[in-house]
Amino acid sequence: MKAGEPSETAVRIAINQAVAASDPELRRVLADPDEPYSEWFVAEHSLKARQQLALWRSDKGRPILQALADGMEPGGPVSILLRKRWIEDQVRSALPGASQLVVLGAGYDTLALRLLDSFPWVRFVEVDHPATQTVKRRALEAHGGIPYRLALVPVDLAHPGLAETLAREPSWDGTIPTVFVGEGLLMFLAEAEVDRLLRLAASQPGNRLVFSFTDRQELLTRGSRIFKTAQMLKLSGEPIRWSLEPDALGGFLAERGLRLAKLAGHQDLRRAYLAPLGIDRELGPGEWLAVAEVP
């Protein structure tokens, strides 16, 4: 992301969520299509973001933007919707055995906000770059305030210091079972930074990490969906820096004290969320979802 500016990737995803909620077909795959937060964050992000959301919702603008999206990132927006749904399902199934949820690189994600009432015994912590988190904080304060059980911790995850920052955070407890979420995050970090996050997740028995990662082979395949996505991200100042072959994930995690518990690709998402509803939308390879746990 550009220095001092909130993430453009974060606002694109928030716009995608808000637009999908207005789509009679896609809203059926959303965990909470009526949540208000995505629109709040888009409105607070910038005038340009507000205009883009309005254009998506207009009869004249939608076909144009859809054609552009299909050309630049075929299947990308729907893949992100399903990624979020899968991650939420994994988090919900893991939280009964945990006491803390930490969303790393949270952006404008709404997961923690929506789970607060369902899991009253859980501590909720969001970690994100200060510029992006400032926008989120302003939006929440404009709509009643930040929930008292949600801690927003500003950290630039591209630099060392996450563990030390969390240690100073009153809402954080490094001694209790924790579910970490790293959605759409690891690809933006160098391997040394990925290594630090994984070792933090492995630091306590009972911890789990639910995350996404970029398929290295697909990333290197010119013309693939993820190749096109990478070109777009590079232009916006948020290049993909880390990727891995899915077959190598188990060993990579084991070297850092974690065990691979689940792995899902785009065909798994189609079978789980689209096929049962009779929805036929384009998805593409290039990103995988995983759950890792402390052995």
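**Close-up 1. A salt bridge within helix H5 (residues 76-94) of this predicted model links Arg92 and Glu88.** Arg92 and Glu88 lie four residues apart in H5, about one turn of the helix. Their side chains meet at 3.0 Å, N to O. A salt bridge here is a side-chain nitrogen of Lys or Arg within 4 Å of a carboxyl oxygen of Asp or Glu. Glu88 is buried at 5% relative accessibility. Arg92 is partly exposed at 32%. Buried means under 20% relative accessible area, exposed over 50%, and partly exposed in between (1.4 Å probe, protein chains only). Helices (H or I, at least four residues) and strands (E, at least two) are DSSP runs, numbered from the N terminus. Residues are numbered from 1 along each chain as its sequence is written, and side-chain values use heavy atoms, without hydrogens and water. Local features need pLDDT of at least 70, and side-chain atom pairs count only at pLDDT 80 or more, whereas totals for chains, interfaces and linings use all residues.

**Close-up 2. Asp268 and Arg271 form a salt bridge in helix H13 (residues 266-274).** The closest N and O atoms are 2.8 Å apart. The two residues are three apart in the helix, about one helical turn. An α-helix has 3.6 residues a turn, so residues three or four places apart point the same way. Asp268 is partly exposed at 31%; Arg271 is exposed at 53%.

**Close-up 3. Arg27 pairs with Asp34 in a salt bridge.** The closest N and O atoms lie 3.0 Å apart. Arg27 is partly exposed, at 27%, and Asp34 is exposed, at 60%.

**Close-up 4. Five residues share a network of salt bridges.** The members are Arg83, Lys84, Asp109, Glu183 and Glu287. The salt bridge count comes to 23.

**Close-up 5. Helix H2 (residues 37-45) has a buried face.** Tyr37, Ser38, Phe41, Val42 and His45 are its buried residues. Seen down the axis, they fall within an arc of 135°, so they line one face of the helix. The arc is taken from the directions from the helix axis to the C-beta atoms. These residues pack against H1 (8-21), H3 (47-56), H6 (111-115) and H7 (130-142).

**Close-up 6. Thr110 sits in the loop between strand S1 (100-104) and H6.** Thr110 is buried, at 7% relative accessibility. Beyond its neighbours within four places in sequence, Thr110 contacts Glu35, Tyr37, Ser38 and Phe41. Contact means heavy atoms within 4.5 Å.
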